[in-house]
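Notebook open, model loaded. I want to look up how the chains and domains touch, then check one helix.

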Amino acid sequence: MMIELKNLTKVFEVNKNNKTTALKDLNLNIKEGELLVIKGASGSGKSTVLSLIASLSKPTNGEVIVDKKRVSKLPDNFASLYRREHIGFIFQKYNLIPTLSVKENILLPLIPQNPNEIEAQKLLEKVMKKFKIEHKKDNIVKNLSGGEQQRVAIARSQVNDPKIIIADEPTANLDKELSLHFIEILRELKKTKKTIIIATHDPLFFELDFVDRIIELSNGELIR
Amino acid sequence: MKNKINTYLIEYAINSLLRQKYKNIFILIVFTFLTSLLTSIFFISNSIKYELNTTLKSLPQITVQKLKAGRHHSINTQVVDHIINIAGVEDAIPRVWGYYYFENAGVNFSIVGIDEFENQYKDSLNKIIKENDFSKAEENSSMIVGTGVKKILDENYYSEYFNFIRPDGTFKKVDIAGTFKSNLQLESNDIILLPKEIALDIFDMEEDMATDIIVKVSNPEEIFTIASKIKLMYPDTRVITNKELEISYQNIFDYKGGIFLALFIISIFTFFIIIYDKVSGLSSEEKKEIGILKAIGWKVEDVLKEKFYESFIISFIAYTFGVLISFTFVYIFQAPLLRNIFTGYSELKTSFELPFVFDFNTLFLVFFLSVPIYIAATIIPSWKSATIETDKVIR
Amino acid sequence: MILSPEVLTIIILNIIFLIFGTIAFILSIRIFFNWNVESTSQKQYTLEKQSFLSATIIKYILSIKILLFIFFIFTLDKISNVLTGAMCAAGVVDATSYGIYLLLFKLINIYLFGFWLIIHNFDIKTETLKFTKLKFGLFLFIYFLFISEIVLEITMFSSIDVAKLVSCCGTLYSNTQTSYLSSIFMINSSYLLISFYSSLGFLILFYLVRNDYLYIIFNLIFLILAIITLITFFGTYIYELPTHHCPFCMLQNEYSYVGYILYLSLFVGTFYGFNIGISNILTQDNENSAYYYKMSLVFILFYTVLVSYYPISYYLKNGVFL
């Protein structure tokens with residue numbers, strides 16, 4: 001899935017006099033299968049880029065085109081369909097529901113589709129096997145170790161087998177060991193030829209051999 | 001329309017409710033309480049209405065009362081002969097009855113004068129007369145009392161006889177010959193049956209006078225016509241038909257029920273505000289959760305649907321519990337305290353049992369007054385949470 | 001003023017509908033005049049969010065409205081016990097000059113709200129939300145009908161005078177009256193019957209041929225004829241009394257509440273029928289077309305069979321018609 005960002009601008013209006021420009025006229029092309037790291041301090045606009053690509057917010061100007069289709073102005077119905085089918089979101093703090101089981105957490109993206117029981121089971125099994133947590137499928141998430149929770153979060157993002165993976169500061173709350181663990185999983189995902197975009201200021205990512213490109217944002221503009 | 005119900009969504013909704021256990025249990029308790037209060041009021045008034053209607057059935061078809069200066073006065077029994085001659089009139093019976101205020105206990109007794117040889121205006125009275133020997137009662141100047149009366153008299157140390165005080169201040173001693181219990185609880189409690197002569201004596205009425213005259217009509221369709229004829233014959237009387245009585249009773253009951261409904265509106269309004277406040281105040285945790293759901297592919301509609309399931313589940317459970325609790329309260333515990341609102345303290349403290357009256361209407365009424373209102377209160381908060389700017393909350 | 005708990009409940013809920021309906025109305029105005037799908041301004045995004053609120057409000061109002069309507073009819077029946085002269089809901093409807101209009105408004109509004117939701121459901125499936133402006137413009141119109149209904153309702157209930165005598169359905173729906181209602185009795189009932197059954201025939205024909213426009217037209221014709229023949233002909237067989245033409249008495253217990261079943265199937269069937277117009281012609285959404293056609297015909301056929309059962313069984317039992 002080719003991602004094109006054309007003249008992308010996002011202005012946040014707190015009120016009429018208080019406006020912040022998060023992104024200024026960004027132009028960027030991301031190739032299919034590319035692993036892109038977006039570097040920048042907080043406030044630089046990297047999270048905004050991610051949410052625009054995922055069609056979680058709408059730009060003030062410009063377009064986001066994914067696979068020749070303009071996703072930036074899709075109505076809610078279509079935007080969420082796009083997200084569900086093509087985007088796998090990995091959050092900073094995993095954002096799992098601690099009182100539900102592993103299985104139930106991974107099931108979350110599928111719920112609105114009201115899938116057939118058998119099909120749902122198949123999808124769940126497949127993705128739990130892949131990330132090696134099927135042996136804990138009925139365990140309550142809050143009782144799992146950090147590493148296991150990480151794998152659940154990633155499994156959940158992969159249950160619909162999306163072509164694009166987006167991670168926003170995935171290692172910000174992790175210790176060294178878990179961060180390295182995450183990077184290993186990333187290596188595996190890269191092999192599947194998915195497009196991966198990571199926004200981070202963790203230096204661990206800047207020295208990786210399987211990262212295709214690193215760009216830097218500052219004050220909403222591309223500097224490198 | 002073709003989709004089967006999304007059980008996953010319902011499960012998620014239930015889970016979500018349980019995740020906010022304390023807040024939701026509080027709402028559930030308050031709402032259940034309000035619902036059970038409302039249902040109890042309806043149940044009690046339905047039961048009392050039923051009791052009353054059963055009484056109403058035995059009401060006289062036409063009652064003729066003499067009015068003097070707009071006030072009730074005793075009527076001359078001569079009128080009876082003229083009324084009987086009206087076509088369609090089956091019978092006209094003069095009645096001697098009234099209220100006697102027993103000062104020590106602060107209650108009113110209903111006194112009904114019985115003439116053994118005349119037709120009784122009510123079948124239940126006929127039964128009672130057969131069962132208790134009235135001929136003796138007349139000889140020995142004694143009376144038969146209802147169970148409620150007996151209790152009061154016993155409490156005031158009048159176990160064998162009672163001293164009535166005549167209007168001129170003199171005493172009339174009347175023995176208590178027996179107690180009766182009619183199948184109408186509201187009735188048997190404060191009634192004293194005694195020979196007509198004694199009643200006339202106690203009320204200081206002359207022999208050819210009566211309290212009122214009741215008229216029996218062979219064809220119920222003609223009640224209205226005959227009533228008008230009587231009114232024409234005797235312009236100084238008030239002629240009341242049974243239908244008019246029934247309507248006025250129904251209206252009083254609905255009116256009373258209406259007042260409570262009006263009060264209930266106020267409490268619903270307050271509750272509305274509380275719910276709105278509670279549901280609106282989304283913790284940052286809740287906001288994050290919805291942000292995540294949307295990020296992983298949930299539509300605004302899906303979030304709205306889920307929130308709707310949450311509201312419906314709470315309000316429906318509150319409704320069901322409310323009805324069940326109220327049912328237990330009213331029919332098993334006989335609704336202490338609450339029933340006094342309807343039966344009033346000033347009358348003889350009636351100790352009747354609330355009959356079980358099942359009415360679908362009430363169940364629907366309470367449903368409409370609870371579930372849709374709760375859901376309405378959650379519409380705007382649910383929408384607000386469903387349309388949150390996702391990118392802001394998942395940072 | 002009748003202050004029974006049922007009436008109060010209906011009024012309370014209507015006030016809630018009024019409040020929320022007005023919110024939806026204000027939002028509809030904003031959306032209708034400012035909607036621009038192409039725009040990327042904050043204003044447009046806010047409008048998009050608000051359109052969800054309006055849709056939710058309308059969904060809520062419609063679903064409760066339908067339940068409440070059934071309850072309303074039931075309440076009319078109950079009130080008839082307190083009004084002298086009224087023996088069924090007909091007396092209550094006739095007690096004020098607003099009664100019959102209120103009934104009509106309620107029915108029409110339910111249909112309209114339903115149509116709105118059909119359009120809405122299709123609209124959100126289009127990528128350009130192309131019916132948004134249309135549907136909110138439509139709501140502006142529906143809102144006024146909705147307000148009229150609520151005003152009528154409150155006026156009607158407050159002006160019912162318990163002491164005033166009302167006519168029973170026997171006099172209201174008879175040939176001897178001079179109201180416009182009685183003019184339908186002037187038409188020979190055999191002509192009415194023939195028209196009724198032939199309109200059904202046409203409906204079946206257009207169903208098979210799938211001619212949308214003609215199906216809708218005959219759907220409307222069928223609805224009107226069904227109600228007329230119910231009053232003039234079929235009703236008399238339900239009551240087994242040639243002079244009893246009341247459309248409301250059949251809602252009572254003594255006739256096994258068959259009125260509810262008849263009216264429900266008639267209204268649901270014709271609703272689906274009109275839906276074909278909305279979806280095939282207006283929104284060009286042919287996905288559910290077959291479903292709507294089928295449902296419409298099923299309910300209409302069911303109605304016809306049920307309503308025809310009465311005269312036929314009477315004839316079989318007694319050898320003659322009334």
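**Entry 1: chain C, two domains.** I started with the spacing: in this predicted model, the C-alpha centres of domain 1 of chain C and domain 2 of chain C are 25 Å apart. The domain assignment I used puts domain 1 of chain C at 5–159 and domain 2 at 169–318. Next I pulled the contact between them. Domain 1 of chain C puts in 14 residues and domain 2 of chain C puts in 15 residues.

Which elements give two or more residues to the domain 1 side? I got α2 (42–79), α3 (89–95) and α4 (99–123) of chain C. Of what domain 1 of chain C offers to domain 2, α4(C) gives the most, six residues. I also sorted that side of domain 1 by class: 10 residues are nonpolar, two are polar and two are charged.

**Entry 2: chain B against chain C.** I looked up this interface next. Chain B brings 22 residues to the contact, and chain C brings 21 residues. On the chain B side, the elements giving two or more residues are α10 (242–280), α12 (300–332) and α14 (360–386). I wanted to know which one has the largest share: α14(B) does, with 10 residues. By class, the side of chain B that touches chain C comes out as 16 nonpolar, five polar and one charged.

**Entry 3: chain C against chain A.** I ran the chain A contact too. Here chain C gives seven residues and chain A gives nine residues. The chain C side splits into three nonpolar, two polar and two charged residues.

**Entry 4: helix α8 of chain B.** I then went to a single helix, residues 196–203 of chain B. Which of its residues are buried? My list for α8(B) reads B:Lys196, B:Ile198, B:Ala199, B:Ile202 and B:Phe203. I noted that a lysine, B:Lys196, is on that list.

Why do I say the buried residues line one face? I looked down the axis of α8(B), and they fall within an arc of 160°, so one face of the helix carries them.

What covers them? I found that the cover for the buried residues of α8(B) includes β4 (89–102), β5 (107–114), β7 (161–165), β8 (171–180) and β9 (191–195), each from chain B.

Last check, the residue just past the helix end. B:Asp204 comes right after α8(B) and has a positive phi of about 55°. I flagged B:Asp204 in my notes for that positive phi.

Note on methods:
Residues are numbered from 1 along each chain as its sequence is written. Chains are lettered from A and ligands numbered from 1 in the order in which they are written. This is a predicted model: local features need pLDDT of at least 70, side-chain atom pairs count only at pLDDT 80 or more; totals for chains, interfaces and linings use all residues. Two residues are in contact if their C-beta atoms, placed from the backbone, lie within 7 Å. Ala, Val, Leu, Ile, Met, Phe, Trp, Tyr, Cys and Pro count as nonpolar, Asp, Glu, Lys and Arg as charged, and the others, Gly among them, as polar. Domain bounds come from an automatic or database domain assignment. Helices (H or I, at least four residues) and strands (E, at least two) are DSSP runs, numbered from the N terminus. A residue is buried if 20 or more other C-beta atoms lie within 10 Å of its own, exposed if 12 or fewer, and partly exposed in between; C-beta atoms are placed from the backbone. The arc is that of the directions from the helix axis to the C-beta atoms.
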